[in-house]
Amino acid sequence: MNCLSALFASSVPPEAISAQQKSYLTYTLSLLPLQDQGTPTITLLEARNLVAAFGTTGLRTWEAALHLGNYLCANQDTLVRGKSILELGAGTGYVSLLCAKHLEASHVIATDGSDDVVASLSTNFYLNNLQDSTVIEGKELKWGQALIGGEHPEWNGGRTIDLVLGADLTYDGSGIPALVSTFGDLFELYPKMKIIYAATVRNPKTFEKFLEACRANKYTVEEIQYEIEEAELREGPFYSDQIAIQLYLIMRP
């Protein structure tokens, strides 16, 4: 009661300040087999108190990323092991780190459109002993802009991409055209790749715009049936028995 009273008496800090207050958080991957040191984990530095702020949504791990991670853990052999992975809107890098650290991906590129978010990925790589790894890297990728090769004539140094992953990328309808445009650029480079997208459906109309944009580009869109784990509901910041997280497989026809 003393703690609760103190919280009620405290003023709410400005959102800009709250977004900068980060803490260390360790996720336990109960769907994976035990390792020598016990249950596999991923440790991240993120802003858990963040609900929504312009330009700062990449500072925390959202429900759809946890759900996508569970699905990948359950399908490691067919989807991730030995594959080259690209994550769009990686944020804290949870999904990318999962693939690189525990699911035996051959190479993982964690991309985001924010310079600050990409810069912060190195901290989370370090927290998971991947700071010197050649398996995972962070890269800036702004949706809707042409993919540039950088030091190499070909984007990604000519390496292939087998699977593109994304979680909670369609919360803002204004970014959908650029996102789907990037899908098209990637499909041009890697026609055989697949996209698995996880979304917490907060606004059905906004999400329907995303599906319509995919269909307009003649992409094959299939809903993946995968039940939400009870633990996901307990851990999520917006606890609800009716939370709607959907998984989709998107392919070029």
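Colleague: Where is Lys218 found?

Modeller: Lys218 is in the loop between helix 8 and strand 8 (220–224); helices (H or I, at least four residues) and strands (E, at least two) are DSSP runs, numbered from the N terminus. Please keep in mind that this is a predicted model, where local features need pLDDT of at least 70, side-chain atom pairs count only at pLDDT 80 or more, and totals for chains, interfaces and linings use all residues. Residues are numbered from 1 along each chain as its sequence is written, and side-chain values use heavy atoms, with hydrogens and water left out.

Colleague: What makes Lys218 count as exposed?

Modeller: Buried means under 20% relative accessible area, exposed over 50%, and partly exposed in between (1.4 Å probe, protein chains only). Lys218 has 62% relative accessibility, so the residue counts as exposed. The C-alpha atoms of Lys218 and Arg252 are separated by 7.4 Å, with their positions 34 residues apart along the chain.

Colleague: What does Arg252 meet in a salt bridge?

Modeller: Its partner is Glu188, at 3.3 Å from N to O. A salt bridge is a side-chain nitrogen of Lys or Arg within 4 Å of a carboxyl oxygen of Asp or Glu, so 3.3 Å qualifies. Glu188 lies in helix 7 and Arg252 in the segment after strand 9 (245–251), so the pair ties together parts that are 64 residues apart in sequence. Glu188 is exposed at 55%, whereas Arg252 is partly exposed at 34%.

Colleague: How do you know that Asp168 forms a salt bridge with Arg202?

Modeller: Their closest N and O atoms are 3.4 Å apart, and that meets the salt-bridge limit, so the name applies. This pair links distant parts of the chain: Asp168 is in the loop between strand 6 (163–167) and helix 7, and Arg202 in the loop between strand 7 and helix 8, 34 residues apart. Asp168 is buried at 9%, while Arg202 is partly exposed at 43%. Glu63 is linked with Asp168 and Arg202 in a network of salt bridges.

Colleague: Why is the pair of Phe183 and Phe210 called edge-to-face?

Modeller: Rings of Phe, Tyr and Trp (its six-membered ring) pair if their centres lie within 6.5 Å; planes under 30 degrees apart count as stacked, over 60 as edge-to-face and the rest as tilted. Phe183 and Phe210 are 6.2 Å apart, centre to centre, with 75° between the planes, so edge-to-face is the right name. Phe183 lies in helix 7 (residues 176–189) and Phe210 in helix 8 (residues 204–216), so the pair ties together parts 27 residues apart in sequence. Both rings belong to buried residues.

Colleague: What makes the pair of Tyr197 and Phe207 stacked?

Modeller: The angle between the planes is 20°, and the centres are 6.5 Å apart, so this pair falls in the stacked class. Tyr197 is in strand 7 (residues 194–200) and Phe207 in helix 8. Both Tyr197 and Phe207 are buried. Ring pairs link Phe183, Tyr197, Phe207, Phe210 and Tyr248 into a cluster.

Colleague: How do you know that Cys99 is in no disulfide?

Modeller: A disulfide is a pair of cysteine sulfur atoms within 2.5 Å. For Cys99, the nearest cysteine sulfur is that of Cys73, 8.5 Å away, so the pair does not qualify. A search of the whole structure finds zero disulfides. Cys99 is buried, at 0% relative accessibility, whereas Cys3 is exposed at 62%.
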